[in-house]
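Thanks for coming. I will go through one structure today, starting with a single side chain and working outwards.

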Amino acid sequence: AVVGVLFDDKLNALFYNWQTVAIMLILFGVFFLVVETWNKGKTAKIHSIGELTYTSALIIGAFQLIAAVFPGTSRSGATILGAILIGVYTFFLAVPVMFGASALKLVKFGFHFSSAEAILLAVGMIVAFVVSILTIKFLMGYIKKHDFKAFGWYRIVLGAAVILYFVLAR
């Protein structure tokens with residue numbers, strides 16, 4: 001939140017471009033492949049949020065900061081990678097950061113909504129919440145049987161597609 005409040009405009013000016021998005025898509029795709037290969041066969045050390053230490057939370061927070069600063073970096077993906085590296089696994093760790101980022105955007109917008117905009121925002125938030133819960137449920141079932149390598153390959157292919165699109169569009 002501190003980084004977002006202090007440096008949001010400067011970070012947007014520096015990093016919100018197709019090159020950064022493509023690089024971060026590919027970089028985190030490779031990172032997913034490396035971490036999953038390195039972590040194969042290991043079991044989680046931390047099984048509940050109550051077992052998290054301040055150090056673990058700080059490491060996961062650092063990954064969330066990277067995701068907040070660099071477009072093309074999935075917030076939940078970065079959270080998952082940071083958590084896997086230290087032996088934690090949960091999709092719910094991304095929720096506080098996503099809430100904070102959304103709150104920051106609302107503050108920057110100034111809460112100047114018409115009635116129709118407020119209703120649309122509320123409906124959008126409710127739908128996003130429900131879809132998120134369903135998605136988390138699906139992904140938890142998927143991860144019990146698979147790993148995140150498919151997500152890594154997807155990110156690499158998408159990053160390459162972004163580069164091809166913008167290079168060919170010139």
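Is phenylalanine 63 buried or exposed? The relative accessibility of phenylalanine 63 is 13%, so this residue counts as buried, the cut-off being under 20%. Please keep in mind that this is a predicted model.

Phenylalanine 63 has an aromatic partner, so let me turn to the pairs. Nine aromatic pairs come out of a search of the whole structure. Take tryptophan 18 and phenylalanine 166: their ring centres are 5.1 Å apart and their planes meet at 10°, so this pair is stacked. Planes under 30 degrees apart are what stacked requires. Tryptophan 18 belongs to helix H2, residues 18-39, and phenylalanine 166 to helix H7, residues 149-168, so the pair ties together parts 148 residues apart in sequence. Phenylalanine 166 has a relative accessibility of 31% and therefore counts as partly exposed.

Now back to phenylalanine 63. Its ring and that of phenylalanine 31 have centres 6.1 Å apart, with planes at 10°, so this pair is stacked as well. Here phenylalanine 31 sits in H2 and phenylalanine 63 in helix H3, residues 54-69, so the parts tied together are 32 residues apart in sequence. Phenylalanine 31, at a relative accessible area of 26%, is partly exposed, whereas phenylalanine 63 is buried. There is also an aromatic cluster, made up of Phe32, Phe148, Phe151 and Tyr154.

A word on H3 itself. What end-to-end distance should its 16 residues give? At 1.5 Å a residue the expected span is 22 Å, and the end C-alpha atoms are 22 Å apart, so the two agree. Besides Phe63, the buried residues of H3 include Ser56, Ile60, Gln64, Ala67 and Val69.

Next, two individual positions. Arginine 75 is in helix H4, which covers residues 75-85. With a relative accessible area of 26%, arginine 75 is partly exposed. From arginine 75 to leucine 65 the C-alpha distance is 8.6 Å, with their positions 10 residues apart in sequence.

Glycine 152 is found in H7. How buried is it? Its relative accessibility is 0%, so glycine 152 counts as buried. Which residues does glycine 152 touch, leaving out those up to four places away in sequence? They are Gly29, Phe32 and Leu33. Phe32 also appears in the aromatic cluster I mentioned. Glycine 152 and glycine 77 are 75 residues apart in sequence, and their C-alpha atoms are 9.6 Å apart.

Finally, the chain as a whole. The protein chain has seven helices and zero strands, and the pattern along the sequence reads α-α-α-α-α-α-α. Along the principal axes, the C-alpha trace spans about 50 × 45 × 30 Å. Of the 170 residues, 29% are buried. Counting contacts in the chain between residues at least 6 apart in sequence, 77% join residues at least 24 apart. The accessible surface is about 11100 Å², and 75% of this belongs to carbon and sulfur atoms. As for charge, the chain has 13 positive and 6 negative charges, and the mean positions of the two sets are 8 Å apart.

That is what I have for today.

Methods. Residues are numbered from 1 along each chain as its sequence is written. This is a predicted model: local features need pLDDT of at least 70, side-chain atom pairs count only at pLDDT 80 or more; totals for chains, interfaces and linings use all residues. Side-chain values use heavy atoms; hydrogens and water are left out. Helices (H or I, at least four residues) and strands (E, at least two) are DSSP runs, numbered from the N terminus. Buried means under 20% relative accessible area, exposed over 50%, partly exposed in between (1.4 Å probe, protein chains only). Contact means heavy atoms within 4.5 Å. Accessible areas come from the Shrake-Rupley method with a 1.4 Å probe; for residues, only the protein chains shown count as cover. Lys and Arg count as positive and Asp and Glu as negative; His and the chain ends are not counted. The place of a charge is taken as NZ of Lys, CZ of Arg, CG of Asp or CD of Glu. Rings of Phe, Tyr and Trp (its six-membered ring) pair if their centres lie within 6.5 Å; planes under 30 degrees apart count as stacked, over 60 as edge-to-face and the rest as tilted. The expected span of a helix is 1.5 Å times one less than its number of residues.
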